[in-house]
Amino acid sequence: MSVTFDQHHILLVDDEPFSRDLVSRMLWRCGFHEVSVAEDGYRAIEFLNTGRITAVLTDFRMPGIHGLQLLKKIRMGETRAPRNMVCGMVTSYAERHLVNLAIVLDIDAFLAKPVSLETLQRRLRRAF
């Protein structure tokens with residue numbers, strides 16, 4: 001069975017406007033029903049607390065609440081999002097210890113920047 005994203009509302013969290021724009025367009029092309037964007041972890045939590053988000057794709061390095069902290073808040077039940085929500089991380093910092101921390105927090109997909117549309121689709125299909 002082929003995975004489709006047309007019933008999902010994904011939240012993209014990235015502090016870089018260029019990256020947010022590029023990846024959000026890729027998410028639309030993947031077929032997501034709705035794509036919301038947040039420029040930081042604080043705004044991401046506001047979105048998550050609406051109860052409408054079904055998946056998250058976050059950058060790692062951001063001011064304030066970074067991607068691992070956001071992932072931890074989701075997994076620890078500190079937001080209204082389901083603790084088992086599909087979560088992916090996109091980062092230009094693919095350092096081994098960061099990957100290991102994300103794995104400990106049960107990350108569903110880990111993508112190194114720059115991300116191609118094909119890689120994004122493949123990793124998200126696997127995550128769902």
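Visitor: Is Cys30 buried or exposed?

Guide: Cys30 counts as buried, at 10% relative accessibility. Keep in mind that this is a predicted model.

Visitor: And what about Cys87, buried or exposed?

Guide: Cys87 is buried too, with a relative accessible area of 3%.

Visitor: How many disulfides turn up in the whole structure?

Guide: Zero, after a search of the whole structure.

Visitor: Why no bond for Cys30?

Guide: The closest cysteine sulfur to that of Cys30 belongs to Cys87, and it sits 17 Å away, so that's too far for a bond. Seen from the other end, Cys87 has its closest cysteine sulfur in Cys30, again 17 Å off and too far. A disulfide is a covalent bond between the sulfur atoms of two cysteines.

Visitor: OK, switching to aromatics. How many aromatic pairs are there?

Guide: The count comes to three aromatic pairs. Take Phe5 and Phe32: their ring centres are 4.5 Å apart and the planes meet at 10 degrees, so this pair is stacked.

Visitor: Where do those two sit in the chain?

Guide: Phe5 is in the segment before β1, and Phe32 is in the loop between α1 and β2 (34-38). They are 27 residues apart, so the pair links distant parts of the chain.

Visitor: Are they buried or exposed, and which residues make up the aromatic cluster?

Guide: Phe5 and Phe32 are both buried. The cluster consists of Phe5, Phe32 and Phe128.

Visitor: You mentioned β1. How many of the residues of β1 are buried?

Guide: Five of the five, so β1 is largely enclosed by the rest of the structure.

Visitor: Which way do the β1 residues point?

Guide: His9, Leu11 and Val13 go one way, while Ile10 and Leu12 go the other, and all of them are buried.

Visitor: In what sense does β1 pair with β2, and over how many bridges?

Guide: The two strands run in the parallel sense, with five bridges between them. As for who faces whom, Leu11 stands opposite Ser36 in β2.

Visitor: Let's talk holes. How many cavities of 30 Å³ or more does the count give?

Guide: One. The volume of the largest cavity is about 30 Å³.

Visitor: Which residues line the largest cavity?

Guide: The lining is Leu12, Val13, Asp14, Ser19, Val23, Leu57, Thr58, Asp59 and Val90. The elements giving two or more residues to it are β1 (9-13), α1 (17-30) and β3 (55-59).

Visitor: Which element gives the largest share?

Guide: That's β3, with three residues.

Visitor: What's the lining like by class?

Guide: Five nonpolar residues, two polar and two charged.

Visitor: Last topic, a couple of valines. Where is Val99 found?

Guide: Val99 is in helix α4, residues 96-104. With 23% relative accessibility, Val99 counts as partly exposed.

Visitor: How far is Val99 from Leu68?

Guide: Their C-alpha atoms are separated by 9.9 Å, and the two are 31 residues apart along the chain.

Visitor: And where's the place of Val115?

Guide: Val115 is in the loop between β5 (109-112) and α5 (117-127). Val115 is buried, with a relative accessible area of 14%.

Visitor: How far apart in space are Val115 and Ile53?

Guide: C-alpha to C-alpha, Val115 and Ile53 are 22 Å apart, with their positions 62 residues apart in sequence.

Methods:
Residues numbered from 1 in each chain as written. Predicted model: local features only at pLDDT ≥ 70, side-chain atom pairs only at ≥ 80, totals over all residues. Heavy atoms only, no water. 1 Å grid on protein atoms, 1.4 Å probe; cavity = no way out; pocket = protein on both sides within 12 Å on 5 of 7 lines; lining within 4 Å. Points joined across faces, edges and corners; volume = space filled by probe spheres on them. Helix = DSSP H or I, 4+ residues; strand = E, 2+ residues; numbered from the N terminus. Nonpolar A, V, L, I, M, F, W, Y, C, P; charged D, E, K, R; others polar. Phe/Tyr/Trp six-rings, centres within 6.5 Å; stacked < 30°, edge-to-face > 60°. Buried < 20%, exposed > 50% of the residue type's maximum accessible area, 1.4 Å probe, protein only. Disulfide = S-S within 2.5 Å. Pairing = 2+ DSSP bridges.
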